[in-house]
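Please look over the structure below. The report that follows starts at one glycine and works outward to the cores, the rings and the confidence scores.

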Amino acid sequence: MSVTSKVTGEHLSRLTYLYVRQSSLRQVQENRESTARQYDLKRRAQALGWHSEQIVVIDEDLGLSGTSSAQRNGFQRLVAEVGLGRVGLVMGLEVSRLARSSTDWHRLLEICALSETLILDEDGLYDPSHFNDRLLLGLKGTMSEAELHVLKARLVGGQLNKARRGELWIRPPLGYIFDGQRLAFDPDEQIQGTVRLLFETFRRTGSAVQVVRHFSREGIQWPRRLASGPRAGEVVWAALEHSRVLNVLHNPRYTGAYVYGRTRQRKLGGGQVRYRRLPQEEWQVFLPNVHPGYITWEEYEANQVKLRENANGYGADRRKSPPREGPALLQGLVLCGICGQRMTVRYYVSQGHPVPDYVCQRRGIQAAEPICQSIPGSGLDEAIAQVVLEAMTPASLEIALEVFEELRARKTEVNRLRLAQVQRAREEAELAQRQYMLVRPENRLVADQLERQWNEKLQALSLAEEEYRRICESESPELSEGDKERILLLASDLPRVWKDPRTPARDRKRMLRLLIEDVTLKRQGKIIRIGIRWKGGTTTSLQQPVPPNAAERFRTPPDIVEQIRALTMEQTDGEIAAALNCRGLRTGRGKKFTRQIVRNLRRAYDIRSFQEHMREAGWLTTREVAAQLGIHHQTAQKFAREGVLRACRVNDKDEILFEPITGPRPVAQPGKRFKDRRRYPKCSSKRRNEVQYEA
């Protein structure tokens with residue numbers, strides 16, 4: 001089909017869009033001939049019958065890559081206009097100008113075919129609705145994308161080949177400079193000392209957050225080099241941030257190694273790029289000991305392990321967690337002896353203090369099953385602490401000397417860095433002064449600007465000196481000889497330091513982790529079996545009785561219960577309480593005995609009362625005796641009070657029971673005194689205060 005037969009009146013009634021693009025600003029500035037050739041395509045459109053006012057030029061994407069349409073607003077506008085049916089012809093010098101991505105290119109072809117839009121390049125005119133033209137355009141788009149892939153592969157291959165020799169230049173990390181051949185320590189002693197202080201603080205605290213807090217507390221600033229702008233390469237000082245600490249700790253170049261290809265990028269939809277950190281075995285280049293390092297490779301690997309342990313959401317299979325606040329000594333170290341999962345900590349308050357419990361609840365959370373086991377941690381923590389103290393005590397004196405020397409060196413290093421900050425501010429002020437003194441007097445505008453800079457530097461120097469003076473005054477003075485002796489005495493008696501209430505729980509946990517890898521717990525009846533795995537791989541097994549629960553702790557002792565059982569044979573509940581209190585005995589909660597407490601104990605242990613004992617022996621109630629004698633029940637009570645009948649008080653309600661009548665039955669004898677008829681002791685209605693039973 002000829003070119004003229006493809007162009008119809010419908011096409012000529014629409015607009016013509018000319019798309020102009022160069023991949024970079026450098027190409028726009030230097031490859032001007034290519035840009036001119038693209039603009040010349042307007043004459044091809046005019047030759048096909050379009051008027052000049054019908055030709056729309058889209059050149060807003062100059063300097064943008066064609067690998068994606070995400071940032072190319074001009075290309076997106078072109079696709080939108082084609083989809084609306086307003087375009088009769090799309091022009092581009094070649095396919096690569098329109099798109100370097102097969103996805104974007106074929107989407108444009110489909111829309112052009114649906115809207116009956118023609119496509120023109122330097123080679124000819126095409127109708128995407130025709131199979132042959134669409135096939136040719138598809139091949140051109142594929143070749144354009146393949147061309148970009150080949151060019152990129154050549155460039156990346158050259159970089160990788162150079163990186164394998166360790167010669168590919170990469171921006172040096174903070175604390176290093178490139179001396180023309182390899183990386184070397186930064187000659188600025190303040191920068192070098194600050195980097196060393198970061199690694200030393202992390203080695204001591206084991207936490208990136210604690211490093212940031214230490215720098216903030218000591219007033220130490222962190223340097224960084226400006227990457228762009230007119231002050232590119234200049235060092236500025238600011239507060240240390242958590243992200244910068246992690247970047248330094250994760251960077252293996254501080255070990256003296258040359259590393260390339262630690263990350264891999266993946267392009268997503270919309271022009272987004274996702275970066276993924278690769279494990280060490282997938283790094284493309286790793287050359288150890290190429291330049292001097294701040295730390296060793298072994299210390300770098302230990303730091304990575306510590307950072308993984310500190311990550312809160314590192315994974316469901318995480319076996320340990322970092323030491324945190326709370327009295328649970330084994331927090332983050334306990335493994336379940338039944339299922340092998342990591343046990344968590346629950347706290348409850350007992351007598352105003354938090355008490356830990358170690359609970360294996362992972363299956364209960366994931367599958368709604370009952371918890372595997374729950375183990376009280378109060379007595380357990382003390383048992384583990386005793387084992388650890390026995391292991392640490394022999395070397396405590398040497399540890400004390402090393403700690404004392406480390407504290408002195410640490411304070412000296414921090415003070416040196418503070419002085420370096422003041423010295424740097426003084427040097428900047430002196431430089432601003434020299435610049436002001438060298439300017440000619442007639443250059444008033446320049447002189448005014450330099451004078452303002454000099455004043456700003458002097459003000460910064462004054463603030464730095466004031467801050468240094470304030471921190472030095474707030475610090476504690478040097479330790480006296482008496483303080484040193486007390487420190488050595490405490491260190492030689494490590495149990496005293498461990499049990500000192502001023503020692504934070506977090507520090508105890510950190511000391512524990514220096515020796516113990518993990519602890520396995522398994523509850524069997526009333527025994528807790530403990531398996532300790534030390535850092536060196538050796539194990540220690542011991543067992544601990546399960547601490548009593550609240551009911552067991554407050555339970556009345558068995559010997560007191562037996563005394564109550566014996567006293568009920570002849571005393572009421574109130575009399576038993578008085579007898580126990582006279583002997584100095586107390587309840588399980590440490591309280592005095594009362595009638596109600598004795599009554600509750602009898603019911604709890606199924607002990608019969610004095611009244612029940614007497615009833616079993618055949619003693620009769622008042623109404624039963626009155627019925628046998630044919631008298632009023634008040635008369636029977638009067639017989640008991642006066643000793644005419646044998647009776648006794650059987651409870652604290654003044655209820656009485658009568659001995660079965662075996663002899664002659666008493667009858668009412670008006671006019672005869674009761675003392676002449678008395679046969680038994682009087683039954684008093686008042687409670688007896690004397691002790692009637694001695695164990």
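## Helix 23 and its end

Gly584 takes a positive phi of about 80° just after helix 23. Helices here are DSSP runs of H or I with at least four residues, strands are E runs of at least two, and both are numbered from the N terminus. Helix 23 spans residues 573-582. Its buried residues are Asp573, Glu575, Ile576, Ala577, Ala579 and Leu580. Buried means under 20% relative accessible area, exposed over 50%, and partly exposed in between, with a 1.4 Å probe and protein chains only. The cover over these residues includes helix 22 (558-567), helix 24 (595-604) and strand 21 (647-649).

## Basis of the model

This is a predicted model, in which local features need pLDDT of at least 70, side-chain atom pairs count only at pLDDT 80 or more, and totals for chains, interfaces and linings use all residues. Residues are numbered from 1 along each chain as its sequence is written, and side-chain values use heavy atoms, with hydrogens and water left out.

## Overall make-up

The protein has 28 helices and 22 strands. Of its 695 residues, 37% count as buried. A contact means heavy atoms within 4.5 Å. Among contacts with a separation of 6 or more, 61% join residues 24 or more positions apart.

The accessible surface comes to about 40,700 Å². Carbon and sulfur atoms hold 51% of it. Areas come from the Shrake-Rupley method with a 1.4 Å probe; for residues, only the protein chains shown count as cover.

## The largest nonpolar core

A nonpolar core is a set of buried Ala, Val, Leu, Ile, Met, Phe, Trp, Tyr and Cys residues joined through side-chain atoms within 4.5 Å. The largest one has 32 residues. Leu198, Phe199, Phe215, Trp222, Val245 and Tyr254 touch the most other members. Helix 10 (189-205), helix 11 (208-218), helix 12 (242-250), helix 13 (297-310) and helix 16 (396-438) each supply at least two residues of this core. Helix 10 gives the largest share, six residues.

Val245 touches Leu198, Ala208, Val211, Val212 and Leu240, leaving aside residues up to four places away in sequence. Apart from this core lies another, of 27 residues, including Cys336, Cys339, Ala385 and Ile530.

## One side of helix 12

Which residues of helix 12 are buried? They are Val245, Val248 and Leu249. They cover an arc of only 95° around the axis, so they sit on the same side of helix 12. The arc is taken from the directions from the helix axis to the C-beta atoms. Their cover includes helix 10, helix 11, strand 8 (222-225) and helix 13.

## Aromatic pairs

Rings of Phe, Tyr and Trp (its six-membered ring) pair if their centres lie within 6.5 Å; planes under 30 degrees apart count as stacked, over 60 as edge-to-face and the rest as tilted. The count is eleven aromatic pairs. The ring centres of Tyr176 and Tyr294 are 5.3 Å apart and the planes stand at 80°, so this pair is edge-to-face. It links distant parts of the chain, 118 residues apart. Tyr176 is in strand 6 (residues 176-178), and Tyr294 is in the loop between strand 13 (285-287) and helix 13.

Both tyrosines, Tyr176 and Tyr294, are buried. Ring pairs link Tyr176, Phe185, Phe199, Tyr254 and Tyr294 into a cluster.

## Confidence

pLDDT is the predictor's confidence in each residue, from 0 to 100. The average is 80, and 85% of the residues score at least 70. Among the elements, strand 1 (residues 15-19) has the highest mean, 92, and helix 18 (residues 481-492) the lowest, 59.

Over residues 312-318, pLDDT stays under 50. The same holds over residues 687-695. Where pLDDT is low, the predicted coordinates should not be read in detail.
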